[in-house]
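Reader: Could you walk me through this structure and show me how its descriptions are earned?
Author: Gladly! Have a look first, and then ask away.

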Amino acid sequence: MNLLTLVLFLPLAGFLAALFVPRSSPASSRAWALILSLATLVCSIGLVFYFDRSLSGEQFAVDTTWIRSPEIHFFVSLNGVSLWLVLLTTFLTPICVLISWRNIQNRVKEFYAFLLLLEFGLIGVFLAQDLFLFYVFWEVSLVPMYFLIGIWGHDRRIYAAVKFFLYTMTGSVLMLVAIIYLYLKAGTFSYPKILDLLASGQLGFRPEEQMLLFLAFFVAFAIKVPLFPLHTWLPDAHVEAPSAGSIMLASVMLKMGTYGILHFCLPLFPAAARACSGWIAILAIIGIIYGALVAMVQPNMKKLVAYSSVSHLGFVVLGIFSFTQQGLDGAAYQMLNHGISTGALFALVGLLYERRHSLEIADYGGVATAAPWLSTAFLFATLASIGLPMLNNFVGEYLVLQGTALANFTWTAWAAIGVILSACYMLWMYQRVFYGTPSHDVSKHIVDLNLREWAAVIPLAVMMVWMGVYSQSFLPPIGKTTATVLSQTQINVPFRVELHRPVEVSRAR
Amino acid sequence: MPASPMPSATDILRFLPEILLIVAGTLIMVLDPLVKRRSSPLFGHLTLLALIAGIAAAVAGASSPGPAFGGMLMVDGFATFFRVLVMGVGILIVLPSYRFLARQDGETGAFHALLLFSIAGQCLMAAASDLIIIFIGLEISSISSYVLAGFFRDDKRSNEAALKYFLLGSFATAFFLYGVALIYGATGTINLDAVRRSIASPNAADPVMILLAAALMFVGLGFKVSAAPFQMWAPDVYQGAPTPVAAFLSAGPKAAGFAIFLRIFLTAFGPIGAHWEPLVWGASLLSMTVGNFAALTQTNFKRMLAYSSIAHAGYVLVALAARSQVGAAAAMFYLVAYAFMNIGAFAVVSHLSGRGEKYTDIEDFKGLAQKQPLTAAMLTIFLLSLIGVPLTGGFFGKFYIFKAALESHLVWLTVLGLLNSAVAAYYYLRILVMMYMYEPGPAADALEPLSPTLGAALILPALGTLFLGIFPGWVLDFAGRSSELMR
């Protein structure tokens with residue numbers, strides 16, 4: 001038991017306790033969720049302080065046997081990337097609680113219980129070092145999100161929830177096959193042990209074997225990211241989910257995919273990953289441009305932000321498959337940036353919806369007159385999302401583009417179009433929603449931020465500036481981890497592909 | 001070896017569970033006319049007692065494992081595992097049947113006596129190591145089940161279920177018996193060990209005859225476990241039979257059917273495994289596919305569970321196709337998990353269905369979560385387990401099965417099977433959608449409060465499902481050791 005397991009299990013304990021909060025008092029459910037998510041946040045901030053930045057490996061490891069046969073461990077630890085992703089989760093959960101305070105009025109108890117269960121699952125995904133445990137968390141996080149969308153979502157919520165569940169499930173069963181196959185080959189589910197076996201040459205895959213395994217993992221992750229053309233569940237799920245669901249989905253859940261690619265796909269199957277990198281980069285670039293173009297014509301604000309996520313996540317995938325230090329750093333940093341800025345956008349869209357009960361851009365106009373502070377906050381998030389220098393997304397996008405330029409300059413040129421387009425669709429939406437003369441409905445319904453909403457918005461704004469101005473607070477641990485990943489993809493490549501021809505192995509050395 | 005005319009004390013001890021169940025069943029039939037009311041909780045209590053005593057006797061018998069009655073029975077870990085399982089199933093069936101029978105004004109005496117006889121037959125199947133004893137167990141179990149399926153004799157559907165089950169079931173048993181006859185003709189013995197030795201010996205009997213026998217027995221057993229292409233009876237019978245009976249059919253006879261399936265095919269027919277493996281491979285893929293795709297379009301919950309039960313039989317057949325001890329252990333684990341989750345799901349239907357079983361459609365689950373959050377939460381656990389979401393028994397069951405299959409290099413069967421389980425997620429999710437995402441309908445409005453026994457019938461399997469999902473090691477270890485002893 002250490003701080004890490006505390007951070008992991010606190011939300012689970014909170015979930016179990018939340019089940020016993022009386023249904024008749026929604027206020028206590030809300031209060032309990034807020035207290036517990038804040039406590040988790042405090043504990044996870046403790047992780048930052050105790051995290052040793054001079055080390056590059058996994059820290060806070062806890063490894064106990066869960067099931068003896070086949071040997072499955074409860075094995076969690078933290079690295080420089082998952083540290084921030086865990087923090088992102090614990091940071092956004094209290095914000096989701098605050099955002100949903102008034103928004104969620106029916107079945108309040110269940111809502112907050114599911115939110116805490118979701119937090120548990122998401123943190124677990126980022127921490128698990130046992131492949132089996134990883135799969136468990138991967139699936140467990142699916143269930144609360146399914147309910148969040150399906151019960152508290154908008155009109156087409158059921159369709160969206162089922163689609164979301166089935167897409168993810170289909171991808172993940174293939175991953176399960178690959179995980180079992182790896183286990184039978186390596187004799188262990190422990191991810192570090194498998195990596196050791198690979199590094200020492202005791203375990204190797206034939207090229208076609210490696211390619212199939214890579215694809216099994218990659219498709220599961222790519223559905224979650226989502227990579228074009230597997231993205232079709234995303235607009236539905238994002239639009240139909242309640243604000244808190246959209247925030248957790250866009251900001252954290254999509255990162256499960258990119259983190260999975262970075263943490264598992266690359267080190268396990270470097271040769272296959274490199275062999276596919278060209279195709280994947282092309283899909284990522286298509287996603288960037290296609291997402292941006294589709295976002296531009298959306299009449300619905302949430303849908304616009306959802307498609308912008310497809311575009312932004314394309315950058316992350318592109319950065320990862322550039323196989324350069326800058327590209328990987330940028331990709332990991334962009335995961336966090338997207339989490340903060342898109343989280344903020346969904347939160348603010350949610351606040352608009354709460355007031356006007358519409359997501360259509362056409363129903364707005366002149367909001368800046370009616371609610372100047374809300375508009376300022378929205379502008380902030382918009383500019384961050386566009387990638388304005390001094391705000392967070394700029395750093396990540398820049399690093400990704402730089403890394404990609406080192407790998408293949410043509411990719412950079414195409415991807416950069418996405419940056420321009422993002423300015424177009426975001427600013428155009430901002431103009432249509434916030435400028436002009438307010439209609440009667442807008443001036444009647446839309447009021448400015450209240451104290452609770454300020455409490456939710458300010459931390460997000462602070463993070464946008466901090467991450468944009470002083471990225472050194474965050475980047476060094478990320479860099480250490482991504483450097484490890486990169487070296488794993490370089491060292492092991494000839495080694496593993498050639499393993500079935502022992503003669504060449506010795507020459508390669 | 002010839003059996004001695006008088007059974008010894010060890011024989012009795014090893015046969016005690018069946019004796020207890022039969023005695024209790026007969027006692028109930030004797031007491032039945034003495035009790036005035038049609039529905040009395042007395043018989044339920046008596047049945048529970050008998051089942052608990054039976055489990056205790058089975059566990060006690062396991063402390064001195066060995067053959068009984070000159071090798072006709074084999075009380076080993078495998079037998080004990082399945083005896084405890086089918087009697088545990090019995091307990092989980094009796095609990096919800098209290099309220100159900102009282103509501104439908106059913107005759108409790110006959111119901112419980114038949115249930116006990118059927119379970120006794122299944123216990124016998126689990127422990128039999130002789131083809132004739134297997135056949136006797138099969139018949140005891142089946143004939144009681146036919147009557148149970150038609151238990152509501154005024155109900156057309158129940159009658160149809162019983163008739164269909166009886167006719168097709170008799171056919172299947174005949175096929176099985178044909179197989180037994182051929183085996184006896186070819187090898188001159190009906191003892192499973194002797195059959196194995198005879199098949200494995202170099203001067204083995206006519207291989208065509210043996211294969212034919214194996215195929216005939218496969219047909220018979222395939223029917224009993226509702227594997228495709230012998231699944232036609234299942235939907236009508238599950239839908240028409242009284243709900244607790246349908247729950248029972250999906251768990252008890254199925255588990256016992258798989259017990260003899262495993263025992264016959266892995267011991268007696270072990271040596272010719274390469275020949276029957278394609279048969280099992282095909283049947284398992286067909287069962288999974290037919291079951292899951294047919295379930296997608298169902299509107300009746302019981303019928304949907306019937307198709308899902310076909311699909312789940314397919315999963316267990318995957319474990320059999322693996323032809324390994326790991327596979328047998330995985331199948332055993334799966335059957336336990338399946339018993340919990342499926343009986344639990346049926347218990348919810350029997351709670352919801354109302355008088356005359358009016359409400360068994362999927363639509364009737366609308367808004368259940370708002371009316372009775374506990375019931376809905378329990379059904380959620382069962383459904384998630386049926387889908388195979390981690391931290392439930394169903395997930396570990398699938399995991400072990402497909403791990404065994406991959407170990408035996410059945411890569412395609414694994415991939416197709418798991419993709420099948422993604423398809424299955426859709427129809428289970430529909431129930432969750434109804435329960436949680438719609439406003440309450442007439443069925444939820446008419447719902448009566450949970451009675452204590454029904455509450456237990458929901459919470460016990462739910463706890464079992466979660467227990468198997470969080471600490472699967474205990475049951476799996478036991479299954480693993482039992483399947484080792486089977487050889």
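**How the labels are earned**

Author: Let's start in this predicted model with helix 10 of chain A, whose buried residues pack against helix 6 (142-152), helix 7 (157-186), helix 11 (243-268) and helix 13 (301-320) of chain A.

Reader: Why is helix 10 of chain A called largely enclosed by the rest of the structure?
Author: A residue counts as buried if 20 or more other C-beta atoms lie within 10 Å of its own. In helix 10 (residues 233-240) of chain A, 7 of the 8 residues are buried, so the helix is largely enclosed. Among the buried ones are Leu234(A), Asp236(A), His238(A) and Glu240(A).

Reader: What makes helix 3 of chain B roughly antiparallel to helix 10 of chain B?
Author: Helix 3 (residues 77-104) and helix 10 (residues 243-268) of chain B pack at an angle of about 175 degrees, their axes 9 Å apart. Angles over 145 degrees count as roughly antiparallel, and therefore this pair earns the label.

Reader: How do you know which residues make that contact?
Author: Residues are in contact if their C-beta atoms lie within 7 Å. Helix 3 of chain B contributes residues including Phe78(B), Leu85(B) and Phe100(B), while helix 10 of chain B contributes, among them, Ala247(B), Phe248(B) and Arg263(B). By class, this contact has 15 nonpolar, 4 polar and 1 charged residues.

Reader: What makes up the contact between the two chains?
Author: Chain B and chain A give 25 residues each. On the side of chain B that touches chain A, helix 17 of chain B gives the most, with 12 residues. By class, that side has 18 nonpolar, 4 polar and 3 charged residues.

Key:
Residues numbered from 1 in each chain as written. Chains lettered and ligands numbered in written order. Predicted model: local features only at pLDDT ≥ 70, side-chain atom pairs only at ≥ 80, totals over all residues. Helix = DSSP H or I, 4+ residues; strand = E, 2+ residues; numbered from the N terminus. Nonpolar A, V, L, I, M, F, W, Y, C, P; charged D, E, K, R; others polar. Axes fitted to C-alpha atoms, helices over the stretch in contact; angles between N-to-C directions. Parallel < 35°, antiparallel > 145°, perpendicular 65-115°, else oblique. Buried ≥ 20, exposed ≤ 12 C-beta atoms within 10 Å, placed from the backbone.
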